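User: Please take a close look at one part of this model for me. I would like to know about its largest pocket and the helices around it.

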Amino acid sequence: MSWVHLVALTCVLSLPSTLLAAELPWADLLKVLQDEQSESVRNMSKQDRVILQAQILLNMHQHARAMKLLANQSGNPLVTMLKVEADHQRRIAAVRRAGGSLREVHMDFPAGYKAAMNEVDARLNTFINSPQVQPVATKNLFTAFASPDDPSEITEPAIQAPSLQGGEDAQLSPAVRSAVQAALETWYTAWSNRDLDTYFSAYADDFDVSEHFQNISAWKKYKKWAITKHAFIAVRVKNITMIAISSDTLRVQFLQYYRSDTLNTDALKTLVFRQTPNGWKIIHESISG
């Protein structure tokens, strides 16, 4: 199995710039639910299928179709909260059509809204990753990621490569490079897998959380929400450059390609690693354009 295929199967693949707006092939996934040809779909109740169809429609920003689909459904808190979300999208669309600001959209979400939407996302993620459905979710992504002549050739979005004063430190030992590379891979793999324990273990106890958070506990609470709200995340890095700041501290810069079900960004990322008794840990993190 090629590297490209492995990433696609484990992370639902990270999309190139040409597919940023499309994200996952939602229309194809919707058709799978409607046709009921897949065993995983046939094993669902009618209401469970409606719930997933409605969430996909909302991911496609088709709130009117979602509301129509949910109109005859009741007695399920997930259905209730999907109707709330559809109404929320309707209000946003109305304000945008009128040329207004999203600040004008005032809505009080009922208790249980966030938990219900997280449950719907989890069910959709399970559906997407089922053996019968996953080929549909990834079928267009192999073509987008590989050239016709060489399926293993990766096409990356064009963003500026790192430029560091003084260049890469040629004095870093192979052992240090290898250890920091392994720590970096553990970090972004855990992020892609939404493995919070491993992700947080990549950071030092005195990680600089910046002025935006009171302490590392507040930062972790935010990151937990930011990571777990997504149905999938895929992070890739390229053009890694390491600079020694001191005998036990390194600055690592790279191009970061982040893809999720709702957000896609390409940026220049900087991590500062410090050697600790528990290995190389991140003590500072920053990102630019």
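Analyst: What follows covers the pocket, then two pairs of packed helices. Keep in mind that this is a predicted model.

Start with the pocket. The largest one has a volume of about 1500 Å³. Its lining counts 50 residues, and W225, K229, H230, T262 and L263 are the closest to its centre. Which elements supply at least two residues of the lining each? Four are helices: α4 (46–59), α6 (77–97), α7 (113–128) and α11 (216–228). The strands β2 (249–260), β3 (264–276) and β4 (279–288) do so too. By class, the lining has 24 nonpolar, 15 polar and eleven charged residues.

Now the helices. Two packed helices are described by the angle between their axes and the distance between the axes.

Take α6 and α7. Their axes lie 9 Å apart, at an angle of about 100°. An angle of 65 to 115 degrees counts as roughly perpendicular, so α6 and α7 are roughly perpendicular to each other. From α6, the contact uses L78, M81, L82, V84 and E85. From α7 come Y113, A116, M117, E119, V120 and R123. Eight of these contact residues are nonpolar, three are charged and none is polar.

Next, α4 with α2 (residues 26–35). Their axes come within 10 Å and cross at roughly 165°. α2 and α4 are therefore roughly antiparallel. Their crossing is left-handed. W26, L29, L30, L33 and Q34 of α2 meet R49, L52, Q53, I56, L57 and N59 of α4. This contact has seven nonpolar, three polar and one charged residues.

Terms used:
Residues are numbered from 1 along each chain as its sequence is written. This is a predicted model: local features need pLDDT of at least 70, side-chain atom pairs count only at pLDDT 80 or more; totals for chains, interfaces and linings use all residues. Side-chain values use heavy atoms; hydrogens and water are left out. On a 1 Å grid over the protein atoms alone, a cavity is a set of points where a 1.4 Å probe fits but cannot get out, and a pocket is an open set with protein on both sides within 12 Å along at least five of seven lines; lining residues have an atom within 4 Å of a point. Grid points are joined across faces, edges and corners, and a volume is the space filled by probe spheres set on the points. Ala, Val, Leu, Ile, Met, Phe, Trp, Tyr, Cys and Pro count as nonpolar, Asp, Glu, Lys and Arg as charged, and the others, Gly among them, as polar. Axes are lines fitted to C-alpha atoms, for helices over the stretch in contact, and angles run from 0 to 180 degrees between N-to-C directions. Angles under 35 degrees count as roughly parallel, over 145 as roughly antiparallel, 65 to 115 as roughly perpendicular and the rest as oblique. A crossing is left-handed if the near helix is turned anticlockwise from the far one by less than a right angle, and right-handed if clockwise. Contact means heavy atoms within 4.5 Å.
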